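Subject: A structure to look at

Dear colleague,

I am passing on a structure that I hope you will open and turn around while you read. Below it I have written down what was found, taking one part after another.

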Amino acid sequence: MKPTDRIKRAAFEKALDYFLADPEPNAVKIMDLLDKVAPANLFPSQRSAFRTAIDQKNNWYQLIMRALEDTNPAVRDRLVKTFLIDGNLMAWPKQEAMREKHRCNIPWAILMDPTSACNLRCTGCWAAEYGHKQNLSYDELDSIIRQGTELGTYVYIYTGGEPLVRKRDLVKLCEAHPDCTFLSFTNATLIDEEFCRDMLRVANFIPAISVEGFEEATDARRGAGTYAQVSRAMRLLKRHGLPFGVSCCYTSANAESIASEEFFDWMIDQGVLFCWIFTYLPVGADAPTELMVHADQRERLYRFVRAMREEKPLFTLDFQNDGEFVGGCIAGGRRYLHINAAGDVEPCVFAHYSNANIREVSLLDALRSPLFMAYYEGQPFNDNLLRPCPILENEGVLADMVEATGAKSTDLHKQEGARALCDKCARSIAEWTPTAERLWTDPNDPQHEKRQDPDQGMADTDKRKFERIGRERPFAEATTETGKPAA
């Protein structure tokens, strides 16, 4: 670490120590300190939102205080410092420098599958067919993390399969990389007392438990009794003061359950701090298309999540409808990428296609592979950022990139052509397009003014990329119904 970075890190740590010693009365002072030591362009909107939450004592302030007060002290201070300082305040400038140096996407987070094995067989989940044979070894996982931190990536998220099948190795990786934050999507059935003791010791691991809504919805997709096991795991984590969240797959079958105030209140009561909502994609040759949501269900989620953000002490991300806050699609390494259990480096956890395998090339070379560079040059894929995805909102775009770059299917069960996957989404795209255009151009939407800013959700390197390739992102009023620039 450079001497200037050590000084900067020491300043951040001193400020956080002061805050954590007595959070509530020190909250305003900590923002003043951060504003003095942090560059003006470092997360300005997030810092502004944090200051507003403190001033208004609103639901976001309640969430922050709940997280700090309910988290075991043995975990809290170390985790806050690791995530905020190492994973964001120090990492982001390094990532931006690497994006500029290498002229490619550099991820904020890397998702990877320790194993293809899973102890459940959930309807519509590709991992249900993957079997138990594919695994990334401990050394391979460790190498990915070491390569990632060289590029400035300090957040690692385990997917699968069920990652906790490999929980011994995952704990070892936490110990080996105390400056990184680790999250894991998990069905929660393998969370036990021993796991909780390990989490208290390493203090840099956060589970995101998969839930499909209330008991009927969860058990219908994941199997009878799963909801009871999820509830048991949540009680165990809460009792130990361990932070955790949930992930929800939003489908036509559970739309009413997920987008309900009753469900959000239940999560908060269980101790959930964050909720990540993923709209179902029919990934996999045999994936049922009837689980895809309809436009009215998606609009309901769009409005519901925004309403809950004004009321509930719960951090919620709606990955399809929140594209406007992050400048569109974040896959292809722009903010994250995925490495499957066979080592294939994929642009997205939902896009099982690749030109590169981590066992054959470096992480940086994978980021500069043809498919990843197609993402880099194409993002955002639509000027309407409520249509961010090259699969679910922009007809045939993923297939065009896969075919142009010669990328291959990486599905571990049954290969599926990208054109076939995109064709399954055509009906949904046709339904969503007019709804997305109506929402995007609505002058009464609270986000309307921000949507006139072509830089919304864009990093400095995004804007410099546009300049290099001669591309501008037009204002909202200057788009046609297709989302393309008006003539």
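In this predicted model, a good place to begin is Leu 398, which, if its neighbours within four places in sequence are left aside, is in contact with Ala 351, Tyr 353, Tyr 375, Pro 390, Ile 391, Leu 421 and Cys 422. Leu 398 belongs to the largest nonpolar core, which has 121 residues, and it is listed there with Ile 191, Phe 205 and Ile 209 as having the most contacts inside that core. Apart from this core lies another one of 15 residues, including Leu 16, Phe 19, Leu 89 and Met 90.

Let me turn to charged side chains. Side chains of opposite charge can pair when their charged atoms come close. The count here comes to 37 salt bridges, and three of them may help you to see how such pairs are placed.

Glu 299 pairs with Arg 303, with their closest N and O atoms 3.0 Å apart, and both residues lie in helix α14, 4 residues apart, or about one turn of the helix. Glu 299 counts as buried because its relative accessibility is 15%, under the 20% cut-off, whereas Arg 303 is partly exposed at 41%.

Arg 334 and Asp 462 also meet in a salt bridge, at 3.1 Å from N to O. Arg 334 lies in the loop between β7 and β8 and Asp 462 in helix α20, so this pair ties together parts that are 128 residues apart in sequence. Both Arg 334 and Asp 462 are buried.

Finally, Arg 419 and Asp 400 form a salt bridge at 3.0 Å, N to O; Arg 419 lies in helix α18 and Asp 400 in helix α17, so the pair ties together parts 19 residues apart in sequence.

With best wishes

Methods. Residues are numbered from 1 along each chain as its sequence is written. This is a predicted model: local features need pLDDT of at least 70, side-chain atom pairs count only at pLDDT 80 or more; totals for chains, interfaces and linings use all residues. Side-chain values use heavy atoms; hydrogens and water are left out. A nonpolar core is a set of buried Ala, Val, Leu, Ile, Met, Phe, Trp, Tyr and Cys residues joined through side-chain atoms within 4.5 Å. Buried means under 20% relative accessible area, exposed over 50%, partly exposed in between (1.4 Å probe, protein chains only). Contact means heavy atoms within 4.5 Å. A salt bridge is a side-chain nitrogen of Lys or Arg within 4 Å of a carboxyl oxygen of Asp or Glu. Helices (H or I, at least four residues) and strands (E, at least two) are DSSP runs, numbered from the N terminus.
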